[in-house]
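User: I would like a close look at one part of this model, its interior packing. Please take it in one connected answer, and follow it out to the loops and helices around it.

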Amino acid sequence: MIARGFRYKLEPLPEQEALFRQFAGVCRLVYNLALEQKATWGRKHRLGYVAQAADLTRLRAEFDWVRAVYVSCQQQALRDLDRAFGNFFAGRTAFPRPRKRGVDDSFRFPGREVAVKSLNGKWSAVRLPKIGWVKFRDTRPMRGDLKNVTVRLDASGWYVAFTREIAHEAPAPSLEVVGIDRGVATTLALSTGDMLTLPASLERIEVLKRKAQRIVARRKRGSNRRRRAQARVARLQARQARIRRDFHHRAALDIARRYGVAVLEDLNTRGMTASARGTVTEPGRNVRQKAGLNRAILAAGWHLFATILTDKMEERGGQVVIVPARFTSQTCAACGVVDARSRESQARFICIGCGHTDHADVNAAITIERRWNTPLLDVEGVHQQPCEASTGRDLTVSENPRRSRRGRC
Ligand SMILES: [Zn+2]
């Protein structure tokens with residue numbers, strides 16, 4: 001069984017939107033109260049979900065406006081908190097923080113209390129307890145058993161996300177291996193020579209966003225005009241996130257369908273080698289600026305891609321492998337010589353040792369692919385220059401990325 005999310009844009013009526021805000025507000029309050037209670041008394045009294053749910057019943061009896069909001073949503077908030085503490089005690093996350101208005105506007109229903117119907121080709125509706133039927137733009141078919149339903153506010157409006165469990169037979173993984181280099185000029189370069197680049201519209205939005213950010217800086221703190229300017233930045237950011245997510249989903253699906261093993265480099269060590277990628281070239285000012293722009297666009301997306309790809313590979317019986325990133329951009333894929341001078345420009349790789357020529361990102365992708373096969377590492381590491389960049393890590397093959405660290409790989 002695998003859990004999958006299906007997310008759609010909601011089209012609530014004004015009175016439904018008012019209920020959404022009320023639900024989100026009360027659930028946030030319940031969460032924050034329970035968090036405070038747990039932080040103060042939890043250690044002494046071993047407060048778990050059951051004890052806090054009993055307190056919730058008392059709270060509901062006492063206050064009408066708490067009772068006005070559907071009880072399951074409030075219980076789900078307590079479950080969230082319980083999970084947050086579980087993650088904290090297991091050392092996976094930091095101590096749970098209070099939820100904030102405008103950031104954590106969401107509430108959740110158990111799947112069995114919710115119904116869905118199709119209205120026509122474009123629209124469907126979801127029945128939420130105490131709220132009623134709410135229309136949503138039906139952009140993709142759903143499958144699997146409904147587990148729960150979350151309603152959430154982001155900068156561009158209200159969304160509904162259905163979490164479903166999909167039973168699947170993992171197919172015999174094809175043994176085709178592909179190495180993937182995540183870069184700035186080419187977003188994804190595959191060891192097969194394929195190159196995928198983020199849509200150009202992202203860059204246009206980035207320029208608009210920076211302009212909008214400068215406007216925010218000029219507005220007086222606490223003013224309405226500042227709030228409006230901030231909302232514009234948030235909307236542009238949300239649009240970028242949607243475009244990026246769409247690109248990653250498409251690219252990952254394509255890769256998961258074609259290959260059994262996808263090899264990525266460990267990006268936590270990438271910062272150390274990043275300078276070598278740039279210094280060989282003599283980029284003009286615009287090139288640098290553009291690279292900076294792209295880097296900013298990508299920064300949030302690289303880890304997300306690893307998570308999405310892992311999901312899609314696992315669903316098809318495949319596997320994602322993370323290998324060390326050291327010198328992937330300077331290593332010749334043909335003979336293994338490591339030399340910064342081989343990187344002739346941002347795009348071109350010409351080996352100092354053997355003269356092998358390739359697109360620099362594809363060369364890196366092939367090197368990444370080879371690192372999955374440990375014995376071949378013997379080939380690498382013939383340094384022509386003393387190298388300063390050392391990550392302190394050995395060139396050993398690491399495990400699959402851990403899923404629990406919020407998309408970090
Ligand atoms: Zn070579």
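Analyst: Helices here are DSSP runs of H or I with at least four residues, strands are runs of E with at least two, and both are numbered from the N terminus. The model is predicted. By that count the protein has ten helices and 16 strands. Of its 409 residues, 29% are buried. Take contacts between residues at least 6 apart in sequence: 69% of them join residues at least 24 apart.

Start with the largest nonpolar core. It holds 35 residues. Ile180, Ile255, Ala262, Leu309 and Ala365 touch the most other members. Several elements each supply at least two residues: strands β8 (177-182), β9 (188-190), β11 (261-265), β12 (319-323) and β13 (337-338), and helices α6 (224-258), α9 (301-315) and α10. The largest share, six residues, comes from α10. As a rule, in soluble globular proteins nonpolar side chains tend to be buried together.

So look at α10 itself, which is largely enclosed by the rest of the structure, since twelve of its twelve residues are buried. It covers residues 360-371. From first C-alpha to last it reaches 17 Å, close to the 16 Å expected at 1.5 Å a residue. The buried set includes nonpolar members such as Val362, Ile366 and Ile368. Asp361, Glu369, Arg370 and Arg371 are buried too.

Ala365 is the α10 residue among those that touch the most other core members. Leaving out residues up to four places away in sequence, Ala365 touches Gly179, Ile180, Asp181, Ala189, Leu190 and Ser191. Gly179, Ile180 and Asp181 fall within the span of β8, and Ala189 and Leu190 within that of β9.

Ala262 gives a second view of the core. Ala262 sits in strand β11. It counts as buried because 28 other C-beta atoms lie within 10 Å, and the cut-off is 20 or more. Again leaving out residues up to four places away, Ala262 touches Val178, Ile180, Ile255, Leu309, Met313, Gly318 and Val320. Ile180 therefore appears in the contact lists of both Ala262 and Ala365, a contact being C-beta atoms within 7 Å. Ala262 and Val177 are 85 residues apart in sequence, but their C-alpha atoms are 5.9 Å apart.

Now go to the loop between β12 and β13, where Phe327 lies. Its phi is near 60°, a positive value in a residue other than glycine. In general, most residues other than glycine have a negative phi. Phe327 counts as buried, with 22 C-beta neighbours inside 10 Å.

Set Lys130 beside it. Lys130 is in the loop between β4 (123-128) and β5 (132-137). Its phi is also positive, about 65°, although it is not a glycine. Lys130 is partly exposed, with 14 other C-beta atoms within 10 Å. Two loop residues, then: Phe327 is buried, whereas Lys130 is partly exposed.

Ala115 gives a contrast with Ala262. Ala115 lies in strand β3 (residues 115-118). It is exposed, with 12 other C-beta atoms within 10 Å. Its C-alpha is 8.4 Å from that of Ala125, ten residues apart in sequence.

The 35-residue core does not stand alone. Apart from it lies another core, of 31 residues, among them Ala24, Ala34, Ala77 and Val149. Ala77 leads to helix α4, where it is buried along with Cys73, Gln74, Gln76, Leu78, Leu81 and Phe85. Helix α4 has 19 residues and reaches 27 Å, close to the 27 Å expected at 1.5 Å a residue. Just after α4, Gly91 takes a positive phi of about 80°.

Helix α4 (residues 71-89) also meets helix α2 (residues 49-62): their axes come within 10 Å and cross at roughly 145°. The crossing is right-handed. From α2, Tyr49, Gln52, Ala53, Leu56 and Arg60 make the contact; from α4, Val71, Gln74, Gln75, Leu78, Arg79 and Asp82 do. By class, this contact has five nonpolar, three polar and three charged residues. Gln74 and Leu78 are on the list of buried α4 residues as well.

Methods: Residues numbered from 1 in each chain as written. Predicted model: local features only at pLDDT ≥ 70, side-chain atom pairs only at ≥ 80, totals over all residues. Expected span 1.5 Å × (residues − 1). Axes fitted to C-alpha atoms, helices over the stretch in contact; angles between N-to-C directions. Left-handed = near helix turned anticlockwise from the far one by under 90°. Contact = placed C-beta atoms within 7 Å. Nonpolar A, V, L, I, M, F, W, Y, C, P; charged D, E, K, R; others polar. Core = buried A, V, L, I, M, F, W, Y, C linked by C-beta atoms within 7 Å.
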